[in-house]
2 protein chains.
Amino acid sequence: MKQLILGLAATLMMTAAHAEPTATGDLGLVIERAKGSVLLVDQSDRAALARIEGLGDLSHASLVYSPDERFAYVFGRDGGLTKVDIVTRQIESRVVQAGNAIGGAISDDGKLVAVSNYEPGGVRVFDADTLEMVADIPTGSKTIGLVDAPGRRFVFTMWDTGETWIADFANGSPEITKIPDMGKNPYDALITANGRTYITGLFGEDGLTALDLWDETPEPIRVLPDYGRGQEEMPVYKMPHLEGWALTGREFVLPAVGHPQVLWIDADTLIETGRTQTHGQPVFAMARPDGRQVWVNFAHPLNDTIQVIDSVTKEIIHEFKPGPAVLHMEFTPRGHEVWISVRDANKVMVYDTRTFEKLREIEADSPSGIFFTARAHRTGL
Amino acid sequence: MKQLILGLAATLMMTAAHAEPTATGDLGLVIERAKGSVLLVDQSDRAALARIEGLGDLSHASLVYSPDERFAYVFGRDGGLTKVDIVTRQIESRVVQAGNAIGGAISDDGKLVAVSNYEPGGVRVFDADTLEMVADIPTGSKTIGLVDAPGRRFVFTMWDTGETWIADFANGSPEITKIPDMGKNPYDALITANGRTYITGLFGEDGLTALDLWDETPEPIRVLPDYGRGQEEMPVYKMPHLEGWALTGREFVLPAVGHPQVLWIDADTLIETGRTQTHGQPVFAMARPDGRQVWVNFAHPLNDTIQVIDSVTKEIIHEFKPGPAVLHMEFTPRGHEVWISVRDANKVMVYDTRTFEKLREIEADSPSGIFFTARAHRTGL
């Protein structure tokens with residue numbers, strides 16, 4: 001273990017001089033939430049390569065990648081937007097673009113990076129090369145659920161007004177389409193991998209709301225109108241992440257809000273097809289890339305556990321306890337392994353998804369989100 | 001134009017010395033079928049970077065990428081297996097592993113490369129690092145339709161005997177499962193992106209045959225038993241490529257054999273849902289990554305044309321003539337652009353998939369297959 005740490009320290013010292021030929025297809029970054037750093041990792045070697053520091057408040061951070069899988073755009077809670085070069089292992093540039101931010105997205109051509117902000121509420125769009133602001137879209141509301149959609153578009157939703165806006169940058173300056181009546185207090189949203197369906201979760205009422213972005217004039221579609229946390233007044237320990245929704249064949253898997261369940265929904269009709277009782281309130285329900293398994297982690301105080309569900313039988317086939325505070329999971333792109341952040345063990349753990357065997361432990365400082373570079377090639381991540 | 005060629009020559013001379021930091025996420029290789037070379041290209045810059053020569057007979061070649069998107073394994077018609085390093089822009093190693101080969105695949109963990117051979121008939125499996133042979137699986141038949149499946153498996157089919165075999169390398173040496181009665185003279189096969197459904201096209205009888213690889217004991221499932229080239233004795237100018245089947249939402253798009261049509265098939269029930277009349281006999285019917293459009297090219301003598309079909313209306317929305325002998329198409333991973341090989345124009349052409357505007361022409365010598373590195377992260381490509 002000591003050797004591993006010394007090895008890492010040696011690697012870190014070499015960082016500035018790193019210039020040997022590198023391929024970036026199997027690399028990734030792990031958010032170290034307490035330190036404001038990211039840890040560069042290698043999937044094939046199951047190893048940490050370098051630590052890059054100075055990214056500000058990463059207590060609720062996410063990131064996207066440039067199409068060449070060289071640059072990561074890291075969105076910090078403090079409004080910081082940091083461009084990290086994973087080849088030279090250095091920060092390329094950094095701006096603090098707002099007071100309080102909640103995530104970002106990159107356009108399908110890789111030219112525009114958008115950030116959604118609580119304070120001041122709205123979306124700001126930056127040139128991916130220079131980080132110069134190219135558009136400021138104030139919304140008069142906390143803005144959530146920002147995703148990229150095909151055709152140089154961004155889609156995002158307003159907590160206060162319940163509107164979803166589509167900003168189309170195909171012709172340079174944005175054309176905005178506003179869709180009202182998405183529901184009361186949308187708190188998060190996702191877009192399906194094909195960029196067609198946008199779904200918002202609601203905090204202020206039961207159910208969810210979907211949009212068909214292939215429709216010329218998308219209209220709100222109510223989903224599971226009788227399901228949610230609203231009427232039952234269940235305590236909600238942690239809001240589930242909608243980005244964690246899984247698509248397995250024809251069904252979505254949705255972490256229920258306030259209930260120890262995941263819900264199965266037909267991806268076309270948006271009608272419920274089943275429920276699976278789980279160990280606790282789910283946070284992420286992530287499908288292995290082939291869709292055969294769904295891995296679920298849970299809210300505090302049951303956040304030491306993972307359950308694995310078979311997507312055909314909808315039954316739990318495996319349960320284990322990686323350690324205290326399991327915050328995130330990321331599958332290798334073809335799904336043979338999964339990396340898991342165990343924050344309070346200060347470790348990222350790597351498992352075989354077929355045998356469930358633990359293959360490696362990697363030291364990391366309060367790790368949270370894990371982001372592999374293969375995300376560069378996908379919509380809505 | 002002359003400047004472009006001189007620029008390329010200068011780049012080529014620099015090849016051996018290339019060692020600056022490189023990211024590989026937006027690179028690709030174009031097969032130059034007449035010269036036995038591959039052209040390294042950059043999607044973001046829409047440019048050729050270097051030519052790598054000495055790969056043997058590439059008249060019917062394909063390739064797969066290592067998980068780090070650094071190495072390409074190129075499968076030549078002459079049985080050559082060449083490992084190309086796209087970072088240093090050199091051939092790393094090369095073996096001639098059989099007399100006549102027909103394609104290959106790479107295991108989900110990136111450790112094994114498999115090649116299917118006509119002569120001698122069978123599959124040979126190589127260590128992806130060293131290209132040492134680790135398994136020889138004679139089949140007593142011309143062997144086609146080789147794909148990788150999750151769980152370190154390869155699936156392939158025998159032209160002469162109509163069997164499909166699954167070779168499972170999870171425990172080192174292969175365990176073989178044999179499935180007879182797939183049909184008469186299977187000529188090609190595909191696996192769906194989730195690795196669940198394997199489908200063979202038949203030359204000796206009408207229809208196709210599917211396997212559900214999630215089944216404990218997969219059984220042949222007949223698909224479109226009344227459709228095909230068999231009974232109608234239509235002339236077939238070129239067999240369509242099953243790898244070109246497109247999945248758009250819930251439907252596959254299948255290039256018909258011997259008919260100027262594409263067929264739409266429900267991905268779950270495998271029942272036909274529609275037909276679209278096309279300009280000629282389709283060769284590839286490829287879905288844009290979001291599934292909204294299907295691009296189709298055609299067999300000789302109508303191979304100067306492309307038609308674009310809307311996957312909702314199933315109607316042709318655009319038709320154009322890139323030039324003589326359109327052989328292949330490859331979309332950027334998020335679908336905003338498409339690259340097209342026009343063999344007899346000695347050009348690769350790049351188009352915007354929304355406006356259909358031509359964005360660039362790139363010189364290439366008799367270009368055929370185009371392979372972007374994002375394929376590294378997908379099953380069955």
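Turn chain B by 180°, with 0.0 Å of shift along the rotation axis, and it lands on chain A with an RMSD of 0.0 Å. That is how a two-fold axis relates two copies. Keep in mind that this is a predicted model. The copies meet through the same surface, because 100% of the interface residues of chain B are also interface residues in chain A. Below is a quick tour: chain A overall, one sheet from each chain, and then two residues of chain B.

**Chain A overall**

- Chain A has 32 strands and one helix.
- Of the 381 residues in chain A, 61% are buried.
- Take the contacts in chain A between residues at least 6 apart in sequence: 41% of them join residues at least 24 apart.
- About 14000 Å² of chain A is exposed, and carbon and sulfur atoms supply 48% of that area.

**A four-stranded sheet in chain A**

- Here you'll find an open sheet of four strands in chain A, ordered 16-17-18-19 and paired antiparallel.
- Its edges are strand 16 (186-191) and strand 19 (221-223) of chain A, each of which pairs on one side only.
- On average, and ignoring direction, neighbouring strands of this sheet are turned by 25° against each other.
- Strand 16 of chain A runs antiparallel to strand 17 (residues 197-202) of chain A, and five bridges join the two.
- If you want a spot to look for in that part of the sheet, try Asp188(A), which stands opposite Gly201(A) in strand 17 of chain A.

**A four-stranded sheet in chain B**

- Further along the sequence, in the other copy, chain B has an open sheet built from four strands in the order 28-29-30-31, with antiparallel pairing.
- Strand 28 (326-331) and strand 31 (358-363) of chain B are the edge strands, so to speak the outer rails, and each pairs on one side only.
- Neighbouring strands in this sheet are turned against each other by 20° on average, direction ignored.
- Six bridges link strand 29 (residues 337-342) and strand 30 (residues 347-352) of chain B, in the antiparallel sense.
- Glu337(B) has Asp352(B), in strand 30 of chain B, as its bridge partner.

**Thr209(B), a strand residue**

- Thr209(B) sits in strand 18 (residues 208-212) of chain B.
- Thr209(B) counts as buried because its relative accessibility is 0%, and the cut-off for buried is under 20%.
- The side chains of Thr209(B) and Arg222(B) make a polar contact at 3.0 Å.
- Not counting neighbours within four places in sequence, Thr209(B) is in contact with Met182(B), Tyr198(B), Ile199(B), Thr200(B), Leu202(B), Pro220(B), Ile221(B) and Arg222(B).

**Pro150(B), a loop residue**

- Pro150(B) is found in the loop between strand 12 (143-149) and strand 13 (153-158) of chain B.
- Loop or not, Pro150(B) is buried, with a relative accessible area of 13%.
- Leaving out residues up to four places away in sequence, Pro150(B) touches Asp290(A) from chain A, along with Asp108(B), Asn194(B), Gly195(B) and Thr379(B) from chain B.
- Pro150(B) and Asp109(B) are 41 residues apart along the chain, and their C-alpha atoms are separated by 9.0 Å.

Technical notes
Residues numbered from 1 in each chain as written. Chains lettered and ligands numbered in written order. Predicted model: local features only at pLDDT ≥ 70, side-chain atom pairs only at ≥ 80, totals over all residues. Heavy atoms only, no water. Buried < 20%, exposed > 50% of the residue type's maximum accessible area, 1.4 Å probe, protein only. Polar contact = N/O pair within 3.5 Å; in protein donor to acceptor, adjacent residues only side chain to side chain. Contact = heavy atoms within 4.5 Å. Least-squares fit on C-alpha atoms with pLDDT ≥ 70 in both. Pairing = 2+ DSSP bridges. Axes fitted to C-alpha atoms, helices over the stretch in contact; angles between N-to-C directions. Areas by Shrake-Rupley, 256 points an atom, 1.4 Å probe, with all protein chains shown as cover.
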